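This report looks at salt bridges in a predicted model. The structure is shown first, and the notes follow.

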Amino acid sequence: MKNKKEFYWGASTSAFQVEGGFGQGGKGIATTDVRIVPEGIADNRVASDHFTHWKEDIKLMADLGLNLYRFSFNWTRIMGDGKTINQSGIDFYNNIINECLKYEITPFPTLYHFEMPQHLVDIYGGWKSRKCIDDFENYARVCFEAFGDRVKMWGTINEQMIAVAAKDLNGNHNASDNQGMKDMYQMSYHMSLAEKKAIKLFRTLVPDGRIGPVCSMQVVYAETSSSDDVQAAKDAQDFLQNCFLDMSVYGRYPKAYTHYLEKKGWLPDTEVVDKDLLTKYSPDLIGVNYYCSTCIRARKTTDNVSNLPPFYRNELFMLGNNQYLEKTKWMEFGIDPKGLYTGMREVYERYHLPMIVTENGLAYSDVLEDKQINDDYRIDYLKKHIEQCEKFVKTGYPLLGYSTWSFLDLVSSHQGFGKRYGLVYVNRTDTDIKDCARIPKKSYYWYQEKIKNSNI
């Protein structure tokens, strides 16, 4: 039950990391189904087996006291080839939604969380083609019509930066380095147009709802106070966050970002008709995913960038090292709770839209001992980050809610089940599926008390 101020206490998952159910219920093939997974690491064919445990999982959410479940639809479960409706997939998500509502848990789905229908990649390159914009609009229409009578809070695209940069997610592997960079920015532009078409449609089909992007919020510090490092940090902010949110909210890119892409020959191809669509339809909210801050320095000519993600491969900035933060095996950038407050404040002052924390959590290689997980390290992380949310609200900023990542252990994109974020332990390993039994961790019970005694 929502409290008087209607603050949402939630937890998150994503379809390809939690569902499993490969080839079941009419599900088609997504890029996430065919990506190459290192030997000995779990793929997503079973994942956390939410496909069969969904009712049990939602009961655990209710027992926890959640009033929000942030999840995602898998496009290929709803439309196997990206085009043709699969009623079994719609039925599956109807069951999820209705079970949530039964316990007064608000369902908060994201339309696109990394899974591109492989069929669309095969026939026209997926997001490389403008054809994908119309297919995404059609997919959004199917979702709004099927679920919009009960679902009033929606995410459009999750972490657009990752979605366009990771070849195993967007399905485009074969371009030369230079063409690959141009393709990345072109795909991002097409995603932005698709998001705008979805928002336009949403205004008609779900007029009483709220919708917005889910960004990987970038809290960028300069490694030193040198003017070169400070400028590099500002450039990084534009390339890693502002380009996506400026387009979502204002329908344009930052000037310096546009200038750089034009100079490199990477500026996306556009059409005259795009401008009206881009500027006319804006989101109602912004979802923010935050795990850690980023430290940036000016690029040196001797730097090796070959192993960096594509969005770091330019002459403007380079990953630095923040010596003031505690680092762990899986949190290699360091743990920075105060960065959550800093980042949300900057995002609000730039866009003036209410936010909701859609992902925030600690990765750890949890070990089950005597049927228990005593994850005090995760409790400490969540406690300190929630305190920053409370500070944000007390300062007077609009925050709709907080969702931890993740509700239960998921198959990590590259580290399988060796890297766990969940409040609930899933009894399986990378090589042994076992029974996937659900075992609430100590952090589950801590979060339960936090929700019960919250004053925001």
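## Two buried aspartates

Aspartate 366 has a relative accessible area of 6%, so this residue counts as buried, the cut-off being under 20%. Aspartate 375 is buried too, with a relative accessible area of 0%.

## Arginine 378 and its partners

Arginine 378 is a salt-bridge partner of aspartate 366, with an N to O distance of 3.1 Å. The arginine belongs to helix H15, which spans residues 376–394, while aspartate 366 sits in the loop between strand S10 (355–359) and H15; the pair therefore ties together parts that are 12 residues apart in sequence.

Aspartate 375 also forms a salt bridge with arginine 378, at 2.8 Å from N to O. Arginine 378 itself has a relative accessibility of 1% and is classed as buried.

These contacts belong to one network, in which salt bridges with shared partners join Asp366, Asp375, Arg378, Asp409, Arg420 and Lys441.

## Salt bridges in the whole model

How many salt bridges does the structure hold? The count is 29.

Another of these pairs is lysine 182 with aspartate 269, whose closest N and O atoms are 3.9 Å apart. Lysine 182 is part of helix H10 (residues 177–205), and aspartate 269 is in the loop between helix H12 (255–264) and helix H13 (274–280), so this salt bridge ties together parts that are 87 residues apart in sequence.

Technical notes:
Residues numbered from 1 in each chain as written. Predicted model: local features only at pLDDT ≥ 70, side-chain atom pairs only at ≥ 80, totals over all residues. Heavy atoms only, no water. Salt bridge = Lys/Arg side-chain N within 4 Å of Asp/Glu carboxyl O. Helix = DSSP H or I, 4+ residues; strand = E, 2+ residues; numbered from the N terminus. Buried < 20%, exposed > 50% of the residue type's maximum accessible area, 1.4 Å probe, protein only.
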